[in-house]
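Let's take a walk through this fold, one piece at a time. Keep the viewer open and follow along.

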Amino acid sequence: MADTVKIIINDVEYEVPAGMNLVDAAKWYANEDIPVFCYHPKMEPVGMCRMCLVEMGTIEKDRATGQVVLDDRGQAKVRWFPKLQTACTSKVSDGLVIRTQTQPVIEARENVVEFLLTSHPLDCPICQKGGECPLQNLTMQHGPGTSRMVFADKQKLDKRVPLGDLIFLDEERCIQCARCIRFQDEIVGDDVLAFHERGRRLQIITNSTPGFDSYFSGNTTDLCPVGALLTADYHYSARPWEVTEVPSICPHCPVGCNTSLSTRLDRDFGGRAMIKRVMPRQNEQVNEIWICDKGRFGHFFTRDESRLCDPLVREGSGMLQPKAWAEANRAAADALKAAGDDVAALAGPGMSNEDLFALRQLLAGLGSSRLGAWPPTHAGADIVAQVGVGKWTDLGQLGKGDAIIIVASDLEEEAPVWRLRLKQAKDRGATLLVLNARRTRMDDFATGTIHYETGHAAQALTDLWNAPADNPMKAAVSAARHLVIVAGVEGLTLDGSRALMQTAANILIAAGKVGQANSGLLATFPGANWMGLYYLGYTPEATLDIQQHPPKVLIVAQADLLADDPAAAGWLAQVETIISLDMFAASGLNERASVVLPIQSFAERDGSFVNGERRVQRFYTAQGPMGQALPAWQVIQRLGEQLGQDRAKNSAAAVMQDISRSVPVFAGASYADLAKVEKQFPQVGGDDLYYGGTAYANRGGLGVQIPTAADSGETASTTDVSPVEAPKARGKLTIVPTIRLYNRERIFLPSTLVHPRVAEAYAEINSADAKKLGIHDGDFMQITFDNGPALRVRAQVDGGAPKGTIILPRHLSDTAAPLVVTVGEVSKAEG
């Protein structure tokens, strides 16, 4: 147990951890809310607003004997400070005494609030923060009640200043607490906000191009204690007392951020419940109280006009026609019956565990076990199941004496909140090593970097581990108390991905860092439920087999094959019947499908995902359904009924009950188990919004983490790794597909608010290669490769790409880029 000290708050003694912030200690142990504006428990205290002033003193002790000095009444004598002290800048120590309810404290708080209101606008009735505004609440509790200020003397400033495309500033409402500036600087490391001018004219400005250039800008609106910072999507859209908060999980990446969907019955949505905004929901072991802007603004696809609302069936060689569910199910069942056991399924990571289980059961009933995970880019989920980060891992606990290795991953683009948390671990003293063939954003925060030849990630990691003992990076890794390795697939084939994952596992095993909290392997798997795919029997290796040996009938569930892989058209042509379960009407795959069945998004139904740390987490029905779309598990089980299999379950909870009984790793993961919550530090989401901001307390469940094999006591053994190199060909360049957080995938395209931040289709080319080809920065260039159409993209000649390599972000144009690393020819294109 940490060292503790005894302090006295309002004449009551408490035992608290030594060195704890006084505001935090008072709240956590004494249930005493000391009001604050500038202080936030996730950031360093600055004492700017003075709202937290308290009477403070220390118990007097005899210098000679060390004994407590008693007064005439036999009570400990307190040596009081002559003036009030800021609680937020004070740490507890033995014998500390404070008073929070005395007349001097009450008057000080009243003065602070009165001063803040001298130029604050009286627009609470129309302010979007009204109803969840810390200034409003603290004014009611501590304000003077009347104003001595002359209305004509109030500052008149701009009311809607765009700091960027996503965040607006009301200059009149800002109280200069600097929370937003400090968050971007301390937590994110994107120092894109600053103060400008002085005195009463002091204002927030953005100093980046484009404005407020950060993937985490929306969090500043949660931290803002007034209505000064506002998100563009929620601006005058709803009021806090009108919305219902529904717990959910972000569907975009492996982090599995806990969110709260603010919904309201809306006339613009036919009177159905509609998502008005997405807010962070506290889960300290997953996303703390943060979410990235893709998670915040990437929900519009759930109700977009492009959604598929009716079943479609192709009659003969004609067009797809809308049909009733009974007819569509009959058509799909007939095709499956005719195929016998020559059936396979490809499922994307947006499918829930319940969906995947139902699909597995359907194929098992048909005598098939061909279950492919899409896209077939990331190997090693089985290795994560063996030596992934240990149970109870909390990246927020990593710090001095720990080591983190990030290899073959552009973490900010692939798993932004992991990037955020690992950057903070580095700030707390952890060694952060970044290994990649090119420079990435994590290089800015790294303790050390290693740039290797494209495709040689596993070898670079091996070389680091085998480096001499006096190598500073090797020494830090060898001496680390905890070791976390984060592996991506940049520049790797599927075999190369497996080689890297196994190499990482071998190092963790050799270092003795498996089966323990805060150590182990993480991977930047695509989507929200890649680990769920693995645990339920879907693998990328099975996908390659399906590609090489196409079945008579292929069920494709929430996987955009043709948009992801230009080579998919070739082998799909050999499939007799495609049954597509999709959210969107228009897609290249649906043009080839015989039956297209509409499925609901995560927002329209209950379900669960398994995140990259193997935490099973549930999401809840928040939004009204689109047309006749159904949950995918229900679509599949009704199809099973048509084939004479078991009757469809009545709810997702019943499906999860079946999963927990029949899939051992899901034992103890019923919906009731997933919904359990516990007290978390810091306490946010209560009535005291001034303390933690408007992030929501977790009332939907913290989830259940699946233990690794090493956690369960199984002995982990190293495995030899054969070298795998990136493809090369004389006269051609190596094409390395990469990921951009903001792109033009179907699931993100409806978020038009973010379109200005989506880059034009481009590729990075090394300056030496560009010079040889006569390509200059900003020119158009054409990239051609096998099994796909030529790509026309803008050239970025900035030295970021290694020589002989083209860095090609995927999903930035309507033409599909290669799914995995390949070779191609590059030439200058006409403008």
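Two strands count as paired here if DSSP finds at least two bridges between them. Keep in mind, too, that this is a predicted model.

With that rule in hand, start at strand S9 (residues 193–196) and strand S10 (residues 203–206): they run antiparallel and are joined by 4 bridges. Within this pair, phenylalanine 195 sits opposite isoleucine 204 of S10. The two strands make a hairpin, with 6 residues between them. Look in the turn for glutamate 197, which has a positive phi of about 70 degrees.

Next, find the open sheet built from 3 strands, ordered S27-S28-S29, with antiparallel pairing. Its edge strands are S27 (607–610) and S29 (704–705), each of which pairs on one side only. S28 (residues 615–619) is linked to S29 by 2 bridges, and arginine 615 has glutamine 705 in S29 as its bridge partner. Now bring in helix H8 (residues 353–365): this helix lies across S27 and S28, and runs at about 95 degrees to S27.

A second sheet is worth a spin in the viewer. Here 6 strands close into a barrel, going S30-S34-S31-S33-S32-S35, and the pairing is mixed. On average, neighbouring strands in this sheet are turned by 45 degrees against each other, if you ignore direction. For a parallel pair in the barrel, go to S31 (residues 762–765) and S33 (residues 791–796), which are joined by 3 bridges. One spot to click on is tyrosine 762, whose bridge partner in S33 is arginine 794.

Now for a helix. H14 covers residues 494–510, 17 residues in total, and spans 24 Å from its first C-alpha to its last, close to the 24 Å expected at 1.5 Å a residue. How much of H14 is buried? The count is 14 of its 17 residues, so the helix is largely enclosed by the rest of the structure. Just after H14 comes glycine 512, with a positive phi of about 70 degrees.

Last stop: serine 587, in the loop between strand S25 (577–582) and strand S26 (595–598). Is this loop residue buried or exposed? The cut-off for buried is under 20% relative accessible area. Serine 587 has 8% relative accessibility, so it counts as buried. Once you set aside its neighbours within four places in sequence, serine 587 is in contact with Asp560, Asp582 and Arg746.

Note on methods: Residues are numbered from 1 along each chain as its sequence is written. This is a predicted model: local features need pLDDT of at least 70, side-chain atom pairs count only at pLDDT 80 or more; totals for chains, interfaces and linings use all residues. Side-chain values use heavy atoms; hydrogens and water are left out. The expected span of a helix is 1.5 Å times one less than its number of residues. Buried means under 20% relative accessible area, exposed over 50%, partly exposed in between (1.4 Å probe, protein chains only). Contact means heavy atoms within 4.5 Å. Axes are lines fitted to C-alpha atoms, for helices over the stretch in contact, and angles run from 0 to 180 degrees between N-to-C directions.
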